[in-house]
Structures are given as C-alpha cells and as structure tokens.
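Please read the following report alongside the sequence and the structure shown below. It goes from the whole chain to its parts, and then to some single residues.

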Amino acid sequence: MLENYKSEFYRTGNRLHLNNAGLAPISKSARDKIHYWGERFYQEGFYTDHDYMFDVQHSRTSLSKLIGCDQEEIAFFQSTASAISQLCFHFPLSSADEVITWDQEYASNLYPWQEACKRSGAKLIIVSSGENLTTPVERILEKITSNTKVIAISWVQFLTGSITVIKALSEITKEKNIFLFVDVMQGLGLHPFNMKDWGVDAVAGGSHKWLTSPVGVGFLALDMKHMNIIKPHNIGAYTFGTCDDPTDLICTPKRDALKFEAGSKQVLEITALGASVDLILKTTVPVIEKEVLRLSNILKKGLLELGYKVHYNNSSIVNFFPRTDSALKLTSIPCNFAIRGPGIRLSPHAFNTDQDIERVLKALSN
Ligand SMILES: Cc1ncc(COP(=O)(O)O)c(C=O)c1O
C-alpha cells in the first residue's frame, strides 16, 4: 500500500520536497485527472456536461469519507479563507458574544473571525500558546465564559505542528452549547479525523498540502443541524437550482451545503482533489500517518544530534532554529523549506524517503 502511494509521486531529478505543509507536489492520479478533463473539454465541450458534474460529485463523496461527514454537508470554495469567510460572516454573532482562538493561528483562519467580530461587535479572545508554542486544550478551557459562542481554531498549527486535542475540547463545547469550528488544513489526510465522532460543528481546509492536489480548492463541511442558520454569501443560479431552471424571483435555497456554491465550479481542480483523496483512502490515513511520523522522527533526531534546537509535536512539521548558513545549505541541495515562527520549517510527507532525510541532514551537518 505504502509503496503504491510513494510510486504516485514524481521522483526524477534531485529536488527535495520538504515544504509539504506549504505546497506539496500533486499525485500522478491528480495530474492524470487534469489531463483527462482537459482532453475531454478540448474534444467534447458541452457533451461532457453530465459526466463532469458526476465526477465533481464523486470528489465530494470521497472528501466526506475523509472528513467523516455526509456529502450534503460539504461545499467547495476557492480557498480555505473563502470557506471560513462564508461561515463566519453569516454566523449569528452579536456584541454579547465571545469567539476564542489561538495566538498562532494562520491568517486564513484568524483574519475572517477577527473581521466578523469587528463587524458584529463580538469580542475576539486570543489565547496565549503554552511553552514552545504548544496548544494544550486546558488553556482554551480556562477562557470559556457564559458568553463564549464560538471556538475557532486549527487542529494542527502551521508553525510548529502543535496539535490541539479536538475530542477533549468538544466534550466541553457540546455540554456548553458552543459552536466548534476547526481548520483542518494541516492535518486532514495526514492524521485520522472524524467530524461527527469528534463532535465538531464545522471544518474548513484546502487542497494543496497534505491532500497533494492542485492549489485552488477550499472546502467547508457544516453539520446539517446548523445548515438553516448560515445563509449563503455568494448568490447565483446554483444557490437555488441549476443553470437550466427558468429565471424567476421566487428563490428557495437548496437545503444542503450546495446552496453555498453559487455558480460553475473549478472542475479540473476539484476532480483532481477527488483523485488524490481516493488515493489517500486506498492507502489509508493510518498508513500515511505512520510513515510521516517515522520520517519526521528521523529528521528531528538527526537535527538534535547535530546540535540544533528543534520544535516537534508528533506531526509532520519539524521546526528548527537555524545557523547563519542553514537556509543557504538547504537551497543549494536543492530542498524547499519555509521560514516560519521560531525557525526553519521542514515537513516530510509519506512520499518522501529515508534518502531525502539523509540528504538534508548531511547538508546541515557541515
Ligand atoms: C492552518 C492553515 N489554514 C489554511 C491555510 C491555507 O489557507 P488558504 O486556502 O486560504 O490559502 C494554511 C496554509 O498555510 C494553513 O496553514
């Protein structure tokens, strides 16, 4: 299974892909899907109509399996930020409410909630991270008051891979009737997740990291029990029906998350995402997680042995405090990386190999 997964990624040339928490290479299945639809649109045009919609629907079904929700609860957007904006700008917030988030959130989660609080008069409560940028649930729990309406956090943080234990949090949010929103961008497809079992009200994420598919797809999964509360932001033919319906002014929105997709979709990107998600489902998330943790542990251990200070939180992300020439050395191999928070962020995926990690450690050792 793992060998088949690894064989899905391009390995010719000497480039090292170790910024998968930034932008991962896409799988062969995703690439083939883009070629497939490119060719069919080129040759058949309108005659593809039914088939491409069916394939988009297939992507939605596959993604729902990965998230652990119903397919009717998923809507596609252009980015994580647009999916979160849909949710938070139509969430019923008032000046009496409080929204809780971490002090190290990625801007696509932080800024929409910050703006929604500004517009509604709600108070944004920013919780300080623990030592070494850890994100223990207890720190969030301490900030809950009778005014807490929403907790909006990332499951896995983008700087250091710090994980917040969502299930521990949802035990309290369910009891206190607090809406729990989770940005799953840095964890979905990498660690096992289940929106329903974990008691999460809504999640958002995107295509281009651990889901190894092209940039340009965000998604929102909203529990059906909240569907009536959140009005669609973008409005068009598909909010109510399809492009074949006659235009009139009696507009009844769809009852599921499809109401959030106002018009025509990014077919190439969404179907490519579906192909990569199918690959993940076939490989299984625990197999991917085991390999990622094995590789990131070798990397962490090697860096520590070389005397680097490392932030590591049992996810893919290994963030180390660089020496003057570390970035230059990595660039020269060449290996991609990101400068994030405390240092340099490296983030192996399951398609990486032991040799990739050895090359990085060798470059950083001299
Ligand atoms: C936690 C998290 N959420 C979302 C994103 C991506 O957001 P968007 O799709 O809006 O570019 C990132 C990318 O770095 C991220 O780390």
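## Overall form

With 366 residues, the chain has a radius of gyration of 21 Å, which agrees with the value near 21 Å that a compact globule would have; the radius is taken over C-alpha atoms, and the globule rule is 2.2 Å times the number of residues to the power 0.38. This is a predicted model, in which local features need pLDDT of at least 70 and side-chain atom pairs count only at pLDDT 80 or more, while totals for chains, interfaces and linings use all residues. Residues are numbered from 1 along each chain as its sequence is written.

Taken along the principal axes, the C-alpha atoms of the chain fill a box of roughly 70 × 60 × 30 Å. The chain has 12 helices and 13 strands, which are DSSP runs numbered from the N terminus (H or I and at least four residues for helices, E and at least two for strands). Of the 366 residues, 45% count as buried; a residue is buried if 20 or more other C-beta atoms, placed from the backbone, lie within 10 Å of its own, exposed if 12 or fewer do, and partly exposed in between.

## Two domains

The chain is divided into domain 1 (2-23 + 286-365) and domain 2 (32-282), with bounds that come from an automatic or database domain assignment. The centres of the two domains, taken over C-alpha atoms, are separated by 28 Å. Their contact takes 19 residues from domain 1 and 20 residues from domain 2, where two residues are in contact if their C-beta atoms, placed from the backbone, lie within 7 Å. On the side of domain 1 that touches domain 2, helix 10 (residues 285-305) gives the most, with four residues.

## The ligand shell

The ligand is surrounded by 13 residues, of which the closest are Thr80, Ala81, Ser108, Phe158 and Met185; a residue is near a molecule if its C-beta atom, placed from the backbone, lies within 6 Å of it. Helix 4 (80-88) and helix 5 (107-120) each supply at least two residues of this shell.

## Helix 7

In helix 7 (residues 166-176), the residues Ile166, Leu169, Ser170 and Thr173 are buried. Seen down the axis of helix 7, these buried residues fall within an arc of 95°, so they line one face of the helix; the arc is that of the directions from the helix axis to the C-beta atoms. They pack against helix 6 (137-143), strand 5 (148-154) and strand 6 (179-183), whereas Lys167 and Glu175, on the other side of helix 7, are exposed. Just after helix 7, Asn177 takes a positive phi of about 60°.

## Residues in loops

Two further residues with positive phi, neither of them a glycine, are set out here.

| Residue | Phi | Loop | C-beta neighbours inside 10 Å |
|---|---|---|---|
| Leu133 | about 60° | between strand 4 (123-127) and helix 6 | 19, partly exposed |
| Asn314 | near 60° | between strand 9 (310-312) and strand 10 (318-320) | 14, partly exposed |

Pro334 lies in the loop between helix 11 (326-332) and strand 11 (335-336), and the peptide bond from Ile333 to Pro334 is cis, with omega near 5°. Gln71 is found in the loop between helix 3 (49-67) and strand 2 (74-77), and Gln71 is partly exposed, with 19 other C-beta atoms within 10 Å. Leaving aside its neighbours within four places in sequence, Gln71 is in contact with Arg60, Thr61 and Ser64.
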